[in-house]
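Me: I am new to this structure and should be grateful for a close look at a single part of it, followed by an account of how other parts are arranged.

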Amino acid sequence: MSEQTQERAEPAGRRVVVVGAGMAGVQTAVALREQGFTGTVTLIGAEPHQPYDRPPLSKAVLLGTAEGSAFEVDFEALGIDLRLGCEALGVRPDARVLDTSAGPVPYDVLVLATGAEPIRLPGTEGVPGVHLLRTLDDAERLRPVLARQHDIVVVGAGWIGAEFATVAREAGCAVTVVEAADRPLAGALPPEVAAPMRAWYADAGAVLRTHARVERVEPGEPGEVVLDDGSRLPAGAVVVGIGARPATAWLAGSGIELGAHGEVLADDRLRTSAPDVYAVGDCASFPSGRYGERLLVHHWDNALQGPRTVAANIVGAAAGVAPAVYDPVPYFWSEQFGRFVQYAGHHTSADTILWRGDPAGPAWSVCWLRDHRLVALLAVGRPRDLAQGRRLIEAGTAMDPRLLADPARPLKAATA
């Protein structure tokens, strides 16, 4: 877009307010400037800290090898009005006003990027020694716990639970992970794919107890976690990682449409049901033409990619440009028990599953196909498989299952 076109397209004083100063919010504000938006950009964050990246919280920040993970963004130089320690309380779309703990904030365009909040273990609110791991303050509270090498009970064997258990073992803590389901990652992966991961816990010296539900946590020195079968686990600290839900309770009464999980229902342009209100990142779901269903993606890459579409549509709307569609191949990674795990795609509609390599070994992949086309891939210690597989998913390339099952053959050489 030329400067003259931009000047004509951008009404003087147009105000974009972004609610949420995590990855999605920060990237939206930055992308607006990168794409030529010349109006005011206000970024509102509930926490008092400089905006920061979350993945290091469960790794380097916990171990004390990094003091923090602030984004390297010069907000002042970009002309972004950063307001920290400011909590969003509600939205009045008809008046185009965001209500906050610091007073009303008028907007012309509003972007909802409030992320997700951890689900708390019922009955543990205010119980000493029970921790969540979502914010910088959470990580700071847990760091001395690891340093004292307490017995730690982790509730939940999902991605966060496994990552925290990994760090706790590295710190020398005795770790027991309790999971209500019959396997780790029960909510994310099919039983046959998650099964090999059970051995990772024992290999790292952690105890994994499945079919185990927490009845209560008894504080003390040390405390105890009481399971529903009556068994008691000593716990100098309890870390809860049983999932997250969209942080959208503050939108009650706004008229902005929410889904079954409390997420903002965005369309394929990441627009909400309210005019000139967008939603991006963990707080929103969007319809995927690629997968034929609505996706709610709680991963870092979604919070990185979505803002570019939001920014393009905000800038483009003023210029009369057709809106951009958001239909990514979801991607995430996890570092746990000495393994680098990556996943791309969405496997629920697959009709075929193929293994590449021995799942008992250090490096293997799982491919999901639908009509001979790759729709998802899980790679353990095989980053080349992931990189090539992601491109093949995006392209919708037809694959040869016989060639694909040969782990010595590059994925890009296994096309039909």
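Leaving aside its neighbours within four places in sequence, which residues is Leu62 in contact with?

Reply: The model is a predicted one, and the values below are computed from it. Leaving aside residues within four places in sequence, Leu62 is in contact with Pro56, Leu57, Leu133, Ala139, Leu142, Arg143, Leu146, Phe164 and Val167.

The setting of Leu62 may be described next. Leu62 belongs to helix H3, which covers residues 60-63. Its relative accessibility is 1%, and because buried means under 20%, Leu62 counts as buried. One of its contacts, Phe164, lies 102 residues away in sequence, yet the C-alpha atoms of Leu62 and Phe164 are 8.8 Å apart in space.

Several of the contacts of Leu62, among them Ala139, Leu142, Arg143 and Leu146, carry numbers that fall in helix H4 (136-147). The loop between H4 and strand E10 holds Gln149. The phi of Gln149 is near 55°, a positive value in a residue other than glycine. Most residues other than glycine have a negative phi, and most peptide bonds are trans. With a relative accessible area of 47%, Gln149 is partly exposed, whereas Leu62 is buried at 1%.

Beyond that loop comes E10, which takes in residues 151-155 and is mostly covered, four of its five residues being buried. E10 is part of an open sheet of five strands, paired in parallel and ordered E9-E16-E10-E11-E12. At the edges of this sheet are strand E9 (130-131) and strand E12 (207-209), each of which pairs on one side only. Strands of a sheet pair through backbone hydrogen bonds, either parallel or antiparallel.

Two of the pairings in this sheet can be followed in detail. E9 runs parallel to strand E16 (residues 237-240), and two bridges join them. Within this pair, His131 has Val239 in E16 as its bridge partner. E10 and strand E11 (residues 174-178) also pair in the parallel sense, over five bridges. Here the bridge partner of Val155 is Val178 in E11.

Antiparallel pairing appears elsewhere in the chain. Strand E4 (residues 88-92) and strand E5 (residues 97-100) run antiparallel and are joined by four bridges; Val91 has Leu98 in E5 as its bridge partner. E4 and E5 form a hairpin with four residues between them, and in the turn Arg96 has a positive phi of about 55°. E5 is also joined by four bridges to strand E6 (residues 103-106), again in an antiparallel arrangement. The bridge partner of Thr100 in E6 is Gly103, and the hairpin of E5 and E6 has two residues between its strands.

Two further loops have backbone features to note. The peptide bond from Glu221 to Pro222 is cis, with omega near -5°. Pro222 sits in the loop between strand E13 (214-218) and strand E14 (223-227). Farther along the sequence, His372 lies in the loop between strand E25 (364-370) and strand E26 (373-380). Its phi is positive, at about 70°, although His372 is not a glycine. The relative accessible area of His372 is 48%, so this residue is partly exposed.

A loop position may also be buried, as Thr272 shows. Thr272 is placed in the loop between strand E18 (264-265) and strand E19 (277-279), and its relative accessible area is 11%. The side chain of Thr272 reaches the backbone nitrogen of Ala274 at 3.1 Å. Not counting residues up to four places away in sequence, Thr272 touches Leu112, Ile256, Val264, Leu265, Val277, Tyr278 and Ala279.

Ala279, one of the residues touched by Thr272, also helps to line the largest cavity. The structure holds one cavity of 30 Å³ or more, and about 30 Å³ of space lies in the largest cavity. Its lining is made up of Leu270, Ala279, Val280, Gly281, Ala284, Phe286, Asn302 and Tyr326. By class, six of the lining residues are nonpolar and two are polar, with no charged residues.

To return to the part requested, Leu62 is a buried residue of helix H3, in contact with residues that include Leu133, Phe164 and Val167.

Notes:
Residues numbered from 1 in each chain as written. Predicted model: local features only at pLDDT ≥ 70, side-chain atom pairs only at ≥ 80, totals over all residues. Heavy atoms only, no water. 1 Å grid on protein atoms, 1.4 Å probe; cavity = no way out; pocket = protein on both sides within 12 Å on 5 of 7 lines; lining within 4 Å. Points joined across faces, edges and corners; volume = space filled by probe spheres on them. Nonpolar A, V, L, I, M, F, W, Y, C, P; charged D, E, K, R; others polar. Buried < 20%, exposed > 50% of the residue type's maximum accessible area, 1.4 Å probe, protein only. Polar contact = N/O pair within 3.5 Å; in protein donor to acceptor, adjacent residues only side chain to side chain. Contact = heavy atoms within 4.5 Å. Pairing = 2+ DSSP bridges.
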